Amino acid sequence: MMAVRDTRDRSAFVKLFDHFAPRLKGFVMRSGVSSHQAEEIVQDVMLTIWRRASTFDPHRAQVSAWIYQIARNRQIDIARKENRPMPEELKEEPGSASDASQILGVEQESVYLKQALAKLAPEQREMIEKAYLGELTHQEISAQTGLALGTVKSRIRLGLERLKHELKDLKP
């Protein structure tokens, strides 16, 4: 982020984009936004990051907290613009903990998830990543990999059971 902020380094921005875009899409979609709209929001957020990089202050917030706050604000703007009720996840409650601490919590959970995913059998991890990160249906995974639909479903089910067990062991 500092290279983007200080020297407008495009390759650093590409790395930043590659790291945060999929995470932001998942973050946005959890509030009930469609995949297509989530992609548009992510594009807008990343463009905002490029344009406002000079305003980033590492002493005030972590990069992830700053980026997630921009995404959250963009979602609120869109919800207001469309004049629709705001999803519960986006509403601020009076006296609630700061967004930075919540975002830090999400970042810590993602670390646990990565560690747990690394412990899965490669074939289970691949199926889970395609289903949940790639947002493919079981049928699409079957067609893409050439595996039987039952095999895909079994690997996902077994992988999720193991993931649940691994996460329970990893969290303090």
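The dialogue below goes through the helices of a predicted model and a few of its residues.

Trainee: What does the secondary structure of the protein come to, and in what order do the elements run?

Mentor: The secondary structure comes to eight helices and zero strands, and from the N terminus on the elements run α-α-α-α-α-α-α-α. The protein has 172 residues, of which buried residues make up 33%, and it exposes about 10800 Å², with carbon and sulfur atoms supplying 52% of that area.

Trainee: Among contacts between residues at least 6 apart in sequence, how many join residues at least 24 apart?

Mentor: The share is 62%, counted among contacts in the protein between residues at least 6 apart in sequence.

Trainee: Why is α3 called oblique to α4?

Mentor: The axes of helix α3, residues 35-51, and helix α4, residues 63-81, come within 10 Å and cross at roughly 125°. An angle counts as roughly perpendicular from 65 to 115 degrees and as roughly antiparallel over 145, and the crossing at roughly 125° falls in neither range, so α3 is oblique to α4. The crossing of these two helices is right-handed.

Trainee: Which residues make the contact of α3 with α4, and how do they divide by class?

Mentor: From α3 the contact is made by Gln37, Ile41, Asp44, Val45, Thr48 and Ile49, and from α4 by Trp66, Ile67, Ile70, Ala71, Arg74, Gln75 and Ile78. These residues divide into eight nonpolar, three polar and two charged.

Trainee: Asp44 is in that list, so what makes Asp44 count as partly exposed?

Mentor: Asp44 is found in helix α3, and its relative accessibility is 25%. Buried means under 20% and exposed means over 50%, so a residue at 25% lies in between and Asp44 counts as partly exposed. Asp44 and Ile70 are 26 residues apart in sequence, and their C-alpha atoms are 9.7 Å apart in space.

Trainee: Where do α2 and α3 meet, and what is the handedness of their crossing?

Mentor: The axes of helix α2, residues 10-29, and α3 come within 9 Å and cross at roughly 145°, and α2 passes α3 in a right-handed crossing. On the α2 side the contact is made by Arg10, Phe13, Leu16, Phe17, Ala21, Leu24, Lys25, Val28 and Met29, while the residues of α3 include Ser35, Ala38, Glu39, Ile41, Val42 and Gln43. By class, this contact has 14 nonpolar, two polar and three charged residues.

Trainee: What makes α6 oblique to α7?

Mentor: Helix α6, residues 122-133, and α7 have axes that come within 9 Å and cross at roughly 125°. Roughly perpendicular ends at 115 degrees and roughly antiparallel begins over 145, and the crossing at roughly 125° belongs to neither, so α6 is oblique to α7. Here too there is a handedness to state, for α6 passes α7 in a right-handed crossing. Glu126, Met127, Lys130 and Ala131 in α6 meet Ile141, Gln144 and Thr145 in α7, and by class that contact has three nonpolar, two polar and two charged residues.

Trainee: How do you know that Ile141 is buried?

Mentor: Its relative accessible area is 0%, and buried means under 20%, so Ile141 is buried. Ile141 is found in helix α7, residues 138-145. Leaving aside residues up to four places away in sequence, Ile141 touches Met127, Lys130, Ala131, Leu136, Gly146, Val152 and Ile156. Ile141 and Met127 are 14 residues apart along the chain, and their C-alpha atoms are separated by 7.5 Å.

Trainee: Why does Arg8 count as partly exposed, and where is its place?

Mentor: Its place is in the loop between α1, residues 2-7, and α2. The relative accessibility of Arg8 is 37%, and the class between buried, under 20%, and exposed, over 50%, is partly exposed, so Arg8 counts as partly exposed. The phi of Arg8 is near 55°, a positive value in a residue other than glycine.

Technical notes. Residues numbered from 1 in each chain as written. Predicted model: local features only at pLDDT ≥ 70, side-chain atom pairs only at ≥ 80, totals over all residues. Heavy atoms only, no water. Axes fitted to C-alpha atoms, helices over the stretch in contact; angles between N-to-C directions. Helix = DSSP H or I, 4+ residues; strand = E, 2+ residues; numbered from the N terminus. Parallel < 35°, antiparallel > 145°, perpendicular 65-115°, else oblique. Left-handed = near helix turned anticlockwise from the far one by under 90°. Contact = heavy atoms within 4.5 Å. Nonpolar A, V, L, I, M, F, W, Y, C, P; charged D, E, K, R; others polar. Buried < 20%, exposed > 50% of the residue type's maximum accessible area, 1.4 Å probe, protein only. Areas by Shrake-Rupley, 256 points an atom, 1.4 Å probe, with all protein chains shown as cover.
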